[in-house]
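Q: Please take a close look at one helix-to-helix contact in this model. Then add what there is on the cysteines and on one loop residue.

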Amino acid sequence: MIDIAAMQLSSATPARSVAASAPADTRIYAVGDIHGRADLLSEIIERIDDDVRRRPIAHTVEVYLGDYVDRGPDSRTVIDLLAVRLVANHAICLRGNHEAVMEGFFQDPAILHYWQQLGGMQTLASYGVEPRNGTETAGDLHRSFLGIFPRAHELFMQCLRYQFSCGDFLFVHAGIRPDIPIDQQKPDDLIWIRNEFLDSAQDHERFIVHGHTPVPHPDIRRNRINIDTGAWKTGTLTCIAIEGSTILFL
């Protein structure tokens with residue numbers, strides 16, 4: 001069994017307090033960009049379940065910040081696992097830019113060239129869709145993918161959200177556009193924005209929990225925390241547990 005307490009004590013990133021608070025008797029687990037690393041996601045799910053057993057609390061919330069597919073080897077199994085969490089644990093699954101591009105491919109096979117640059121071929125391969133003789137067109141791969149994509153995964157994609165608020169925290173994939181009220185944010189900014197958000201030191205309406213831009217270790221600022229630690233490449237998938245104003249690292 002995983003010793004969560006020992007892991008926290010040995011973590012390079014100790015618990016931190018922030019100027020925001022979760023609702024009373026509530027613990028929020030948030031998981032960064034997964035990118036096809038079903039192996040790491042399975043470990044994180046085990047850690048979350050073990051933490052809940054060891055430290056019972058009235059209410060728990062699981063939030064997955066998007067970018068479940070591409071680059072890593074097993075996007076299909078990642079969605080299998082998250083679909084179960086969504087149903088069994090009422091997990092919140094956000095839409096990342098990589099899910100948006102995959103959804104674009106559903107509609108238009110011409111997007112394949114762009115999707116390839118983002119690791120889309122690894123996603124297709126995880127569903128058993130691979131070029132066999134080098135003569136397949138984007139349309140061929142598109143038809144094969146649509147034919148094999150599970151109905152349960154279609155329903156999962158329909159459940160993805162662009163943002164989720166809990167207490168003083170706002171969970172999004174990429175960030176928000178500064179100076180724009182949260183209820184007026186554009187979906188494209190929530191899943192794509194980088195420098196305008198990352199370079200902003202101003203207070204937002206909420207403390208922002210996000211991923212999208214890989215960092216060597218969780219990046220905690222006064223107004224946000226970035227927990228995308230490049231799991232597909234580094235082997236480190238970050239999960240935080242927010243309770244009151246404290247952020248712990250599982």
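A: The helix pair comes first, then the cysteines, then the loop residue.

This is a predicted model. The pair is helix H4, residues 97–107, and helix H7, residues 138–148. Their axes come within 9 Å. They cross at roughly 105°. H4 and H7 are therefore roughly perpendicular to each other, since angles of 65 to 115 degrees count as such.

Which residues meet? H4 brings Met102, Phe105, Phe106 and Gln107. H7 brings Ala138, Leu141, His142, Phe145 and Leu146. Of the residues in this contact of H4 with H7, seven are nonpolar and two are polar. No charged residue takes part in the contact.

Now the cysteines. A search of the whole structure finds zero disulfides. Cys166 is in no disulfide. The cysteine sulfur nearest to Cys166 belongs to Cys239, 15 Å away. A disulfide needs the two sulfur atoms within 2.5 Å. Cys166 is buried, because its relative accessible area is 10% and the cut-off for buried is under 20%. Cys239 is in no disulfide either. For Cys239, the nearest cysteine sulfur is that of Cys93, 13 Å away. Cys239 has 0% relative accessibility, so Cys239 counts as buried.

Last, the loop residue. Thr213 sits in the loop between strand E7 (207–210) and strand E8 (219–220). Is Thr213 buried or exposed? Thr213 is buried, because its relative accessible area is 16%. Leaving aside residues up to four places away in sequence, Thr213 touches Arg194, Leu198, Asn226 and Asp228.

Key:
Residues numbered from 1 in each chain as written. Predicted model: local features only at pLDDT ≥ 70, side-chain atom pairs only at ≥ 80, totals over all residues. Heavy atoms only, no water. Axes fitted to C-alpha atoms, helices over the stretch in contact; angles between N-to-C directions. Helix = DSSP H or I, 4+ residues; strand = E, 2+ residues; numbered from the N terminus. Parallel < 35°, antiparallel > 145°, perpendicular 65-115°, else oblique. Contact = heavy atoms within 4.5 Å. Nonpolar A, V, L, I, M, F, W, Y, C, P; charged D, E, K, R; others polar. Buried < 20%, exposed > 50% of the residue type's maximum accessible area, 1.4 Å probe, protein only.
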